[in-house]
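Q: Please take a close look at one part of this structure, and then set other parts beside it. Keep the account plain, and give the reasoning where there is any.

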Amino acid sequence: MLDIRLRKQLGDFTLDVAFTAESGLTALFGPSGAGKTLIAQMIAGLLPPDEGHVRIGERLLFDSEKKINIPVQRRNIGFVFQEHRLFPHYTVRGNLDYGKGRPRKAGRIPFQRVVDILGIGDLLGRKPASLSGGERQRVAIGRAVLSNPGMLIMDEPLSSLDEGRKSEILPLIEELKSEFNITTLYISHSIGEITRLADTLLLLDKGEMKATGQTADIFSRLYLMPYAGGPEAGTLVEATVADYDRSHHMLILDTPGGGRLYLIGDEKEVGTPMRLRIRASDVAISLKKPAGLSILNRFKGEVADNCAGAPGMEELLLDVGFPLAARITRKSFEEMGLRKGTPVWALVKAVTISRS
Ligand SMILES: Nc1ncnc2c1ncn2[C@@H]1O[C@H](COP(=O)(O)OP(=O)(O)OP(=O)(O)O)[C@@H](O)[C@H]1O
């Protein structure tokens, strides 16, 4: 459990935030300059807040009123930064051993298990300079986890990597998360990373918290669309595998509203839950039941809400048994005469849906 309140004035910039988060992975998301790194630094003890408190579980690390300020090295927080920051003269094993911390209540995190999950067993004798960027970052993640931290702060841990490396490491972070359940604050610009990993989302803008809550819930709040990802904004759908069409390499899922959703992908066991992301700009709207179209995903519903988006754009929230965000032109919106309650069909191409 995190319980945080921070106030800090730096020149013209005011950061004033308060939030709590259960254990699990909490993502801190917001545009450049929002104050994400400042929050991380203040929790870590690298920068003193003007006012506030930092509590992780039962440990009070900072309290301006009680004049408590535990120094950074005693806060027991593991870090992963954008660049790896490994010790160049140590081998991979030396780097992993370096951070060894006190065992947590739940016991010491097993070295071999972390090495296996991260796939770095063959690298133990090598020095960081001889590793690829992705390998170095896996070692940096391993070092942070093996320090048995009370909390992990990951500040844009994948942003220096190319897409291929990112998609290799993301599932490893997911596996570490589910296996060791370390309270984690994960800072990222990437909607894809956040929707995949985060249990709780903190949406920050200009030093203020715009929203906090369950990730899927925040992504379905229309008024947050401008903050929640710009062109990447959209909806998270929690669906369940219902069937597999092997000849078309296609998963068939049940959505919360009962409608079927088609998605390209490898076979999964019936009943497997999947979190999917549908970008608002990938949703088209029809007033009539669609026919003669290639688009497989067709959901019947109605307009639940709407608001003006960027110039020329309209943001809509559709109720199709689950909340589905759609972004269309203002021109289409007006020509179709859409308003709250208008019955519509929502269309989503199967190839645009990504596994979150
Ligand atoms: N020492 C400082 N003096 C004055 N202003 C500062 C100082 N450090 C940071 N700031 C300002 O505080 C704001 C928040 O900075 P911060 O680095 O936390 O943003 P961020 O959300 O992490 O951004 P990014 O995603 O680009 O890393 C910025 O406007 C920054 O210019």
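A: Two strands are said to pair if DSSP finds at least two bridges between them. The model used here is a predicted one.

The part chosen for the close look is the sheet that holds strand 1, together with the helix across it. Strand 1 covers residues 2–10 and pairs with strand 2 in the antiparallel sense, over 9 bridges. One residue pair shows how this works: Arg5 has Ala18 in strand 2 as its bridge partner. The sheet as a whole is open and has 5 strands in the order 2-1-4-5-6, with antiparallel pairing. Strand 2 (13–21) and strand 6 (68–69) are at the edges and have a single partner strand each, so one side of each has no neighbour in the sheet.

Helix 1 lies across strand 1, strand 2 and strand 4 (51–56), and runs at about 115° to strand 1. The buried residues of helix 1 are Lys36, Leu38, Ile39, Ala40, Met42 and Ile43. A general point helps in reading such a list: an α-helix has 3.6 residues a turn, so residues three or four places apart point the same way. Just after helix 1, Gly45 takes a positive phi of about 95°.

The ligand belongs to this picture too. Around the ligand are Leu10, Gly11, Phe13, Gly30, Ser32, Gly33, Ala34, Gly35, Lys36, Thr37 and Leu38. By type, the residues of this shell divide into 4 nonpolar, 6 polar and 1 charged. Helix 1, residues 36–44, gives the most to the shell, with 3 residues. Lys36 and Leu38 are among the residues around the ligand, and both are also among the buried residues of helix 1.

At the other end of the strand order is a loop. Lys67 lies in the loop between strand 5 (59–63) and strand 6. Lys67 has a positive phi of about 55° although it is not a glycine. It counts as exposed because 7 other C-beta atoms lie within 10 Å, and the cut-off for exposed is 12 or fewer.

Asn181 can be set beside Lys67. Asn181 has a phi near 45°, again a positive value in a residue other than glycine. It is found in the loop between helix 5 and strand 9 (184–187). Asn181 is exposed because 12 other C-beta atoms lie within 10 Å.

Asn181 comes just after helix 5. Helix 5 takes in residues 163–180, which makes 18 residues, and reaches 26 Å from its first C-alpha to its last, close to the 26 Å expected at 1.5 Å a residue. Its buried residues are Ile169, Ile173 and Leu176. What covers these buried residues includes helix 3 (111–118), helix 4 (133–146) and helix 6 (191–197).

A second sheet can be read in the way used for the sheet of strand 1. It is open, has 5 strands in the order 16-20-17-18-19, and shows antiparallel pairing. Strand 16 (283–286) and strand 19 (323–329) are at the edges with a single partner strand each, so one side of each is left without a neighbour in the sheet. On average, neighbouring strands of this sheet are turned by 45° against each other, direction ignored.

The pairs in this sheet can be taken in turn. Strand 16 and strand 20 pair in the antiparallel sense over 4 bridges, and Ala284 stands opposite Leu347 in strand 20. Strand 17 and strand 20 pair over 6 bridges, also in the antiparallel sense, with Asn297 having Val348 in strand 20 as its bridge partner. Strand 17 (residues 297–308) and strand 18 (residues 313–319) are another antiparallel pair, with 6 bridges, and Glu302 stands opposite Asp319 in strand 18.

Strand 20 (residues 343–348) has a covered face made of Val344, Ala346 and Val348, and an uncovered one made of Pro343, Trp345 and Leu347. In a regular strand the side chains alternate between the two faces of the sheet.

One residue in another strand makes a contrast with the exposed loop residues. Ala239 lies in strand 12 (residues 234–245). It counts as buried because 23 C-beta neighbours lie inside 10 Å, and the cut-off for buried is 20 or more. Leaving out residues up to four places away in sequence, Ala239 touches Leu253, Asp254, Thr255, Leu261, Met274 and Leu276.

Note on methods
Residues are numbered from 1 along each chain as its sequence is written. This is a predicted model: local features need pLDDT of at least 70, side-chain atom pairs count only at pLDDT 80 or more; totals for chains, interfaces and linings use all residues. Helices (H or I, at least four residues) and strands (E, at least two) are DSSP runs, numbered from the N terminus. The expected span of a helix is 1.5 Å times one less than its number of residues. Two residues are in contact if their C-beta atoms, placed from the backbone, lie within 7 Å. A residue is near a molecule or strand if its C-beta atom, placed from the backbone, lies within 6 Å of it. Ala, Val, Leu, Ile, Met, Phe, Trp, Tyr, Cys and Pro count as nonpolar, Asp, Glu, Lys and Arg as charged, and the others, Gly among them, as polar. Axes are lines fitted to C-alpha atoms, for helices over the stretch in contact, and angles run from 0 to 180 degrees between N-to-C directions.
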